[in-house]
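Colleague: I should be grateful for a close look at a single part of this structure. Please explain each term as it arises.

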Amino acid sequence: MEIILTGNDLTVEKVWAIAVEGARAEISREAEAKLEAARTLVYDLARDETPVYGFNRGVGWNKDRKIEADQIDDFNRKLIYSHSLGIAPEASEAEVRAVMAVRLNCLLQGNTGIQPAIARRYAEFLNAGIHPVIPERGSVGEADITLLSHIGLAMIGEGDVNYKERRISSAEAHKLAGLEPVKLGPKDGLAIVCSNSFSAGQAALALKELKDLADTGEIVSALALEGLNGNTSPLDPSALAARKYRGQQYSAERIRKYLEGSYIYQPDPRRPLQDPLCYRGAAHINGTLRDAVRYAEEALLTQINSTDDNPCVLTDERRMISVSNFEVTSLSTAFELLAIVLSHVSRASCYRMIKLANPELTGLPRFLSHDGGASHCFGTIQKTFTMMDTEIRLLSNPCSVDYMALAGAIEDHANNTPLVVQKLRKAIDNMKYIYGMEMMHACQAVELRKRGQELELGRGTKIAFSEFRKELKLYESDRPLSPDIRKAYEFIDGGVLLKEVRDKFL
């Protein structure tokens, strides 16, 4: 697979293809022309005495320090050195690939003035499988300078990289791949480090997983509704149309498709008039997540298809000016919103499991015991999933407003976007565990409810039930549940529900 980068049409799915699926990254001819034009302007300005930040003047508090022509190489190299400040843990190879793909695409806007050869080096690294080792902590989000500098180190042949499943020096990887380390020129160092592509790269992968999680949630909650013998009236399209929220209508439509032909559409005098809100509002809460995802994706697509460089090269106007285009509060707060909404999604899932364990609501044995209550079954597992939910609630606490004035109080605003995204990434992983455990409850309830009677599951939920039962059978005796929880997590994480249910019905 090959992805042509233009600077203007990168998507979350394309980032995923490059980062996770190993697609090649190629630069369009038009983008190459923009790079050449911007670089020509940089050399023209190099002969001018006009002060330009990070070009012929220093950076940060050293913005008043003049950089002489014979100091440019040394200045750019030392800029990379002095800003290589990341600390463990390290970003995964997929995340590093996402970061490089995003940075390359933004460079192709032509507002950086970077050497075209350095821009091409991002694509060469991606296509050769050279992945700089990048620690993921150390950036306050007002440009990820302390993290992206580690890519700069690799490009000049220093630092470590992961190459063909081995951690080796960048110098060795260059030799093995038939490449020469780059030589930095005017503005190159700042162009490498002054970007939010680390945050944006991790954000793109997290958003792709969250979109898949929203799809998963509709399937899981649909099956749980059948386990409850619940009401379908909250899914009524006319009532939802009157409410007008797009996400709610979309989620409900999908759940209705999965439930087509289900027994719960048949009248049942034992069915309560109304279900608990965690069931009644499942589509509404998941729809809120979809609305938040749409908002966050709009902010992210703007971020990964525009320049965030300072200074900004305006080739057509033959100017290079100091700006604040690395300001990403729009992106940071959008992703904080996602974490807050995910906390609601998590809590609803946990309550659905608690309700399924209550015989007064289900008419099934306590804790969904197969033997009528003699075994403990799903009693103590409630501690595990509520702990995971508590952690998600903790991770949903905002951090974008926590910053200090740095660099001689010149840099007195930040947003902590890397931390915002990494908190969300952890919450997403927790949610996979929770959905796995909800599948355990939903399938157990369905199987107990079907005893002695013919109950037809929905067209989609029937497949979901069948696929899950291939991994985990009916709980029939007390046993350690940690292995089951792990299998259920791997079932969700592996995307089985997406491949076998979502992709076949939608």
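Modeller: The following account concerns one helix and a salt bridge that it forms. This is a predicted model, in which local features need pLDDT of at least 70 and side-chain atom pairs count only at pLDDT 80 or more, while totals for chains, interfaces and linings use all residues. Residues are numbered from 1 along each chain as its sequence is written, and side-chain values use heavy atoms, with hydrogens and water left out.

Helix H11 covers residues 246–258; helices here are DSSP runs of H or I with at least four residues, numbered from the N terminus. Its 13 residues should span 18 Å, and the end C-alpha atoms are 19 Å apart, which agrees. The expected span is 1.5 Å times one less than the number of residues.

The buried residues of H11 are Gly247, Gln248, Ser251, Ala252, Arg254, Ile255 and Tyr258. Buried means under 20% relative accessible area, exposed over 50%, and partly exposed in between, with a 1.4 Å probe and protein chains only. Viewed down the axis of H11, these buried residues fall within an arc of 160°, so they line one face of the helix. The arc is taken from the directions from the helix axis to the C-beta atoms. The buried residues of H11 pack against several helices, including H9 (197–228) and H13 (282–304), where contact means heavy atoms within 4.5 Å.

Arg254 forms a salt bridge with Glu218, at 4.0 Å from N to O. Such a bridge is a side-chain nitrogen of Lys or Arg within 4 Å of a carboxyl oxygen of Asp or Glu. Glu218 lies in helix H9 and Arg254 in helix H11, 36 residues apart. Arg254 is buried at 10% relative accessible area, and Glu218 is buried at 1%.

Methods: Helices (H or I, at least four residues) and strands (E, at least two) are DSSP runs, numbered from the N terminus.
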